[in-house]
Amino acid sequence: MAHASIYVGCTVPQLLRGAQSRIFPSCSALRVLRHSAFCYCTGNGTIKSKRKMDHLERTANNFRQEVITQAKVCGITNESETVKRLRLAIANKDFTFKAGQWVDFFIPGVSVVGGFSICSSPGLLEREGILELAVKHTVHPPAHWIHTECTLDSEVALRVGADLHGYQEGKGNRHKLGTAKLYYSAKNTSELLFKKNILGLMKAFPGKITCCFHVTQQRSQICKELQPHITEGRISEKDLEKHVSNDTSWYICGPPPMIESMSKLLTNIGVPRNCVFFEKWW
């Protein structure tokens with residue numbers, strides 16, 4: 001049976017050639033990263049205070065791959081005024097991930113471990129050995145480092161965390177392609193990351209993938225290409241209630257207050273709790 005999925009979110013998400021010794025960190029660099037990560041996990045694991053839990057503490061019970069993989073920054077671009085896209089060359093050819101997973105992000109000299117969603121496809125990693133992250137600027141040390149100190153050839157390490165969706169297609173599974181509706185909210189159109197990619201998917205899969213962009217503080221004129229898909233104002237009950245059905249799953253991504261308010265909104269319009277999915281790993 002075909003299945004429908006609703007995604008509710010807001011802004012938060014080239015092939016390198018040359019000698020491996022030039023592209024990837026040395027073994028000694030990786031040992032420093034591993035030591036830093038070990039000290040952080042063991043030294044801070046017993047601290048009890050009223051401070052906000054960090055990424056490793058919050059996700060301590062989540063599944064992780066055991067391997068910490070070396071990576072080198074090979075590209076940095078500004079997706080918006082507040083978000084950078086980081087391209088990482090992965091040294092380990094056995095490193096893999098599934099769509100929807102995130103990574104623990106280890107930085108030499110920074111005791112706090114970051115947690116960032118992967119914004120590139122597994123296919124890019126297979127073809128080019130490249131993984132991409134989209135990181136919004138905050139005062140959180142890993143994000144702050146990416147926006148203020150990270151440069152080309154900076155060396156880091158990664159470890160893959162849990163995936164959002166555990167569906168596995170069996171040999172006898174007659175799963176049919178369903179539909180996906182994305183409600184995407186940001187301050188303005190410049191903060192609607194990957195909007196061109198999303199519009200491209202809508203054209204490639206007409207009727208199967210659709211998107212409604214919401215902007216809450218737009219000050220400039222909206223371009224013609226986006227105008228048919230833009231709604232001014234926040235995502236509301238009226239927007240979502242028409243999609244409620246027994247065959248619909250709901251996925252929420254965004255900062256904690258947004259996830260909490262959207263969860264309550266979905267409960268109010270009759271969506272069962274077991275149909276709503278989100279992660280609080282930040």
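Three exercises on this predicted model follow, each with a worked solution.

Residues are numbered from 1 along each chain as its sequence is written. The model is predicted, so local features need pLDDT of at least 70 and side-chain atom pairs count only at pLDDT 80 or more, while totals for chains, interfaces and linings use all residues; side-chain values use heavy atoms, with hydrogens and water left out.

**Exercise 1. State the order of the strands in the open sheet and find its edge strands.**

Step 1. Helices (H or I, at least four residues) and strands (E, at least two) are DSSP runs, numbered from the N terminus. Two strands pair if DSSP finds at least two bridges between them.

Step 2. The open sheet has six strands, in the order 5-4-7-2-3-6, with antiparallel pairing.

Step 3. Strand 5 (110-117) and strand 6 (130-136) each pair on one side only, which makes them the edge strands.

Step 4. Check one pairing: strand 4 (residues 102-107) and strand 7 (residues 155-160) run antiparallel and are joined by four bridges. V103 has V160 in strand 7 as its bridge partner.

**Exercise 2. Identify the residues that touch the most other members of the largest nonpolar core, and list the contacts of L133.**

Step 1. A nonpolar core is a set of buried Ala, Val, Leu, Ile, Met, Phe, Trp, Tyr and Cys residues joined through side-chain atoms within 4.5 Å. Buried means under 20% relative accessible area, exposed over 50%, and partly exposed in between (1.4 Å probe, protein chains only).

Step 2. The largest core has 24 residues, of which L88, F105, L131 and L133 touch the most other members. Among the elements that give two or more residues to this core are strand 3, strand 4 and helix 5.

Step 3. Contact means heavy atoms within 4.5 Å. Not counting residues up to four places away in sequence, L133 touches K84, R85, L86, L88, V103, F105, F116, S117, I118 and C119.

**Exercise 3. Locate the buried and exposed residues of helix 8, then place E237 relative to L266.**

Step 1. The buried residues of helix 8 are M258, I259, M262, S263, L265 and L266. Seen down the helix axis, they fall within an arc of 165 degrees (taken from the directions from the axis to the C-beta atoms), so they line one face of helix 8.

Step 2. P257, K264 and N268 are exposed, on the face of helix 8 turned away from its buried side.

Step 3. E237 lies in helix 7 (residues 237-241) and is partly exposed, with a relative accessible area of 35%.

Step 4. C-alpha to C-alpha, E237 and L266 are 7.8 Å apart in space, yet 29 residues apart in sequence. Leaving aside neighbours within four places in sequence, E237 is in contact with L265, N268 and I269.
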